[in-house]
Amino acid sequence: SSQNHLEMPPWRFRSGDLACAMVIAVATATAASVVVAAGAADGEAEFDYRKLSGIIIPGFASTQLRAWSVLDCPYSPFDFNPLDSVWLDSTKLFSAVNCWLKCMLLDPYNQTDHPECKSRPDSGLSAITELDPGYITGPLSSIWKEWVKWCVDFGIEANAIIAVPYDWRLPPSMLEERDLYFHKLKLTFEIALKLRGGPSLVFAHSMGNNVFRYFLEWLKLEIAPKHYIQWLDKHIHAYFAVGAPLLGSTESVRATLSGTTSGLPITEGTARLMFNSFAASLWLLPFSKYCKADNVYWKHFFEGKAHINRQQCDEMEYSSDNSGWPTTLVSIEVRMLIHPLWT
């Protein structure tokens, strides 16, 4: 079934995050026991599950973003300097919301940064454990921290858990074009195999499942077809999809049309503006099997024009009673307006 909520700042969904952590924990233990049992049953040498690595692909809004600019914020005691936290720094959000938005918003047409401020994803496990570390804000913004503590308590080695954060605002094509993210993800699997001696368990949460599935399709074009399955067998032992929006997220429709603050001290209008400036938000919208995101022939009609994302649907979509959208809603085209901060 489709996912019923976006993965947004976890002070709203923290109980769900802990539940996901427990599911992943049980899945890890189960996978290990199954591998050992299978090896014994077949009379083969038991597989050493201690060689497995865990690779975490976080979800939407689940990676810290840091500034890579110097931005002076008038009428505020706080400025943005390189490596300052942007997502999520509640102090600057409260005191300098306009400056904060400049560092968060992307141009809705080409996904470039604001002229005065750019943000980039943090790296390592610390980028996904807590969004806003602090005595009060830390527990309220905890995502993977409890699960990492569980791993430490059970003796998991530090090099066995690898996080692969990404800029969750970008569409997959831009992740590769700007950050070479999928090349880096491929290298992460290969390094984990070299380091630990075994394949990896993939833990993908929320939109991270879409990222991983895109990676699998990207990989088909990156390596020779006859080596594709061999590479998967060698580097990936199992894949656990947690809260996967395989059919889209119904909450993303509300976020697109009216805005969802998810507990942040901003208006719904500002939340809508921010959500619609992220092309990754299209990844979360519910979809129908009769609709396609783009068409190979469209490029002939948009040469030299600003590209606007559209859906093309077969006639069955409009005549069927089981549409991907509510039955009273046939088509939505949300025109992206340039916010005053860009002018």
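This report describes the fold, the core, the surface and the charged pairs of a predicted model of one protein chain.

## Overall make-up

The protein chain contains 13 helices and nine strands. Of its 343 residues, 48% count as buried. Its accessible surface is about 17,800 Å², and carbon and sulfur atoms account for 58% of that area. Many contacts reach across the sequence: taking contacts between residues at least 6 apart, 71% join residues at least 24 apart.

## The nonpolar core

The largest nonpolar core has 72 residues. Within this core, the residues that touch the most other members are I57, W87, W100, W168 and F215. Helix 9, residues 208-222, makes the biggest contribution to the core, giving six residues.

I57 shows how such a core residue is surrounded. Apart from neighbours within four places in sequence, I57 is in contact with V164, Y166, Y181, L185, V202, F203, A204, H205, G208, V211 and F212.

A second buried position is S200, which is part of strand 6, residues 200-205. The relative accessible area of S200 is 0%, so S200 is buried. Leaving out residues up to four places away in sequence, S200 touches S53, I55, F189, A192, H235, I236, H237 and A238.

## Two helices and their cover

Helix 3 (residues 97-104) is mostly covered, with six of its eight residues buried. These buried residues are C99, W100, L101, K102, C103 and M104. The cover over them includes strand 2 (65-67), strand 3 (85-87), helix 2 (90-95), strand 4 (119-121) and helix 12 (268-277).

In helix 6 (residues 145-153), the buried residues are W147, V148 and C151. Viewed down the axis of helix 6, the buried residues lie within an arc of 100°, and therefore line one face of the helix. In general, an α-helix has 3.6 residues a turn, so residues three or four places apart point the same way. The exposed residues V152 and D153 are on the face of helix 6 turned away from its buried side. Just after helix 6 comes G155, with a positive phi of about 80°.

## Loops and surface

Two loop residues can be set side by side: Y135 and G248. Y135 sits in the loop between helix 4 (126-129) and helix 5 (137-140). Y135 counts as exposed because its relative accessibility is 81%, where the cut-off for exposed is over 50%. Together with I136 and L140, Y135 makes a nonpolar surface patch of about 420 Å².

G248 is in the loop between strand 7 (236-242) and helix 11 (250-257). With a relative accessible area of 1%, G248 is buried. The C-alpha atom of G248 is 3.9 Å from that of P286, although these two residues are 38 residues apart along the chain.

## Salt bridges

The whole structure holds twelve salt bridges. Three of them are listed here with the distance between N and O atoms.

| Salt bridge | N to O distance |
|---|---|
| R66 and D122 | 2.8 Å |
| R254 and E251 | 3.5 Å |
| E268 and R254 | 3.8 Å |

The pair of R66 and D122 links distant parts of the chain, with R66 in strand 2 and D122 in the loop between strand 4 and helix 4, 56 residues apart. R66 is partly exposed at 25% relative accessibility, whereas D122 is buried with a relative accessible area of 17%.

R254 takes part in two of the listed pairs, one with E251 and one with E268. E268 lies in helix 12 and R254 in helix 11, so this pair ties together parts that are 14 residues apart in sequence. R254 and E251 are three residues apart in helix 11, so about one helical turn separates them. R254 has a relative accessible area of 40% and is partly exposed. E268 is also partly exposed, with a relative accessible area of 40%. E251 is buried, at 18%.

Elsewhere, D167, R169, R178 and D179 are linked in a network of salt bridges.

Terms used. Residues are numbered from 1 along each chain as its sequence is written. This is a predicted model: local features need pLDDT of at least 70, side-chain atom pairs count only at pLDDT 80 or more; totals for chains, interfaces and linings use all residues. Side-chain values use heavy atoms; hydrogens and water are left out. A nonpolar core is a set of buried Ala, Val, Leu, Ile, Met, Phe, Trp, Tyr and Cys residues joined through side-chain atoms within 4.5 Å. Buried means under 20% relative accessible area, exposed over 50%, partly exposed in between (1.4 Å probe, protein chains only). Helices (H or I, at least four residues) and strands (E, at least two) are DSSP runs, numbered from the N terminus. Contact means heavy atoms within 4.5 Å. The arc is that of the directions from the helix axis to the C-beta atoms. Patches are made of residues with over 30% relative accessible area and no salt bridge: like charges are joined within 9 Å, nonpolar side chains (Val, Leu, Ile, Met, Phe, Trp, Tyr) within 5 Å. Accessible areas come from the Shrake-Rupley method with a 1.4 Å probe; for residues, only the protein chains shown count as cover. A salt bridge is a side-chain nitrogen of Lys or Arg within 4 Å of a carboxyl oxygen of Asp or Glu.
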